[in-house]
Every structure is written in structure tokens, then in C-alpha cells.
Amino acid sequence: MTHTAPAATPAPAPATTTAVAPLSLLAVVAIALPFVAPIGGLVVGFLARRDVRLTGDRGDGIAFAAILIGATLTLFGIIVPLFLGGAGVLDLDLRL
């Protein structure tokens, strides 16, 4: 009787998975808020960026976009009407 050793099977390579940080809920709220309340979106955007940096979550770019959108909409929603209203009070002839 011949005695043969069983064929050695190579050990499976350990699975390497990289954990993905969760998306910050505050950043998601910040990107939606400027379209409803621009100043609120601006403030929450700054809070979200701080939170993302402290916790290591994803969403820094989303929070930055919320800051830009909130600032732009605040500018056009508050500053421009005040300018146009001031032009009306001063009786300036603005041709837009």
C-alpha cells in the first residue's frame, strides 16, 4: 500500500477591507438648509465643518458647499434688496 500525503492547499489571503467613515448628518442638513433659510444654512455649514474635522466623518466638501450657497443666497436675498430699496429712497434712476 502506498502512502501519499494529501495535497496542501494554500491558506486563503486575509480579506483587507477599508472602513469608510460615515457621512455627517449635520453636513447633509447644512446643504439642504440654505434653500429654505440661507442664513441658517451658512451657520449650520460652519458647524458641520467643525464637526467633521473633530469626528473624522465625511462631508467637509458638502459643508463647504453649504457655506458658499448660504452666503450667496444671503447676499442676494438681503443685500441686493436693501441696495435697491436704498436706491428708491434716494430716488436714483437704476436701469437693470
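**Figure 1. Helices, and how they add up in this predicted model.** Helices here are DSSP runs of H or I with at least four residues, numbered from the N terminus. That numbering matters for the views below, where H3 turns out to give the most to the nonpolar patch. The model is a predicted one. The protein comes to three helices and zero strands, and from the N terminus on its elements run α-α-α. Of the 96 residues, 18% are buried. The protein exposes about 7,400 Å², and carbon and sulfur atoms supply 71% of that. Take the contacts between residues at least 6 apart in sequence: 56% of them join residues at least 24 apart.

**Figure 2. The largest nonpolar core, with a close look at alanine 30.** Six residues make up this core: Ala27, Ala30, Val44, Ala48, Ala63 and Ala66. Helix H1 (25-32), H2 and H3 each give two or more residues to it. Zoom in on alanine 30 and you'll find it touching Gly41, Val44, Gly45, Ala48 and Ala66, once residues up to four places away in sequence are set aside.

**Figure 3. Arginine 49 and its partner aspartate 60.** Arginine 49 sits in helix H2 (residues 38-55). Its side chain is joined to that of aspartate 60 by a polar contact of 3.0 Å. Leaving out residues up to four places away in sequence, arginine 49 touches Asp60, Ala63, Phe64 and Ile67. So what you see here is a residue of H2 whose list of touching residues includes Ala63, itself one of the six in the largest nonpolar core.

**Figure 4. Glycine 70 and alanine 32, across from H3 to H1.** Glycine 70 belongs to helix H3, while alanine 32 is in helix H1. Glycine 70 counts as buried because its relative accessibility is 0%, and the cut-off for buried is under 20%. Alanine 32, on the other hand, is partly exposed, since its relative accessibility is 45%. The two residues are 38 apart in sequence, yet their C-alpha atoms are 9.8 Å apart in space. Alanine 32 can also be paired with alanine 66: 34 residues apart in sequence, and 7.7 Å from C-alpha to C-alpha. As for contacts, glycine 70 meets Pro34, Pro38 and Leu42, neighbours within four places in sequence aside.

**Figure 5. Threonine 74, a buried residue of H3.** Threonine 74 lies in helix H3. With a relative accessible area of 16%, threonine 74 is under the 20% cut-off and therefore counts as buried. Skip its neighbours within four places in sequence, and threonine 74 is in contact with Pro38, Ile39 and Ile79. Pro38 also shows up among the contacts of glycine 70, and both Ile39 and Ile79 reappear in the nonpolar surface patch of the next view.

**Figure 6. The nonpolar surface patch, with phenylalanine 83 picked out.** This patch covers about 1,100 Å². Its residues are Leu26, Ile39, Val43, Leu47, Leu75, Phe76, Ile78, Ile79, Val80, Leu82, Phe83 and Leu84. H2 and helix H3 (60-89) each supply at least two of them, but H3 gives the most, with eight residues. Phenylalanine 83 is found in helix H3. Its relative accessible area is 54%, and because the cut-off for exposed is over 50%, phenylalanine 83 counts as exposed.

How values were computed. Residues are numbered from 1 along each chain as its sequence is written. This is a predicted model: local features need pLDDT of at least 70, side-chain atom pairs count only at pLDDT 80 or more; totals for chains, interfaces and linings use all residues. Side-chain values use heavy atoms; hydrogens and water are left out. A polar contact is a pair of N or O atoms within 3.5 Å; within protein, one must be able to donate a hydrogen and the other to accept it, and residues adjacent in sequence count only if both atoms are side-chain atoms. Contact means heavy atoms within 4.5 Å. Patches are made of residues with over 30% relative accessible area and no salt bridge: like charges are joined within 9 Å, nonpolar side chains (Val, Leu, Ile, Met, Phe, Trp, Tyr) within 5 Å. Accessible areas come from the Shrake-Rupley method with a 1.4 Å probe; for residues, only the protein chains shown count as cover. A salt bridge is a side-chain nitrogen of Lys or Arg within 4 Å of a carboxyl oxygen of Asp or Glu. Buried means under 20% relative accessible area, exposed over 50%, partly exposed in between (1.4 Å probe, protein chains only). A nonpolar core is a set of buried Ala, Val, Leu, Ile, Met, Phe, Trp, Tyr and Cys residues joined through side-chain atoms within 4.5 Å.
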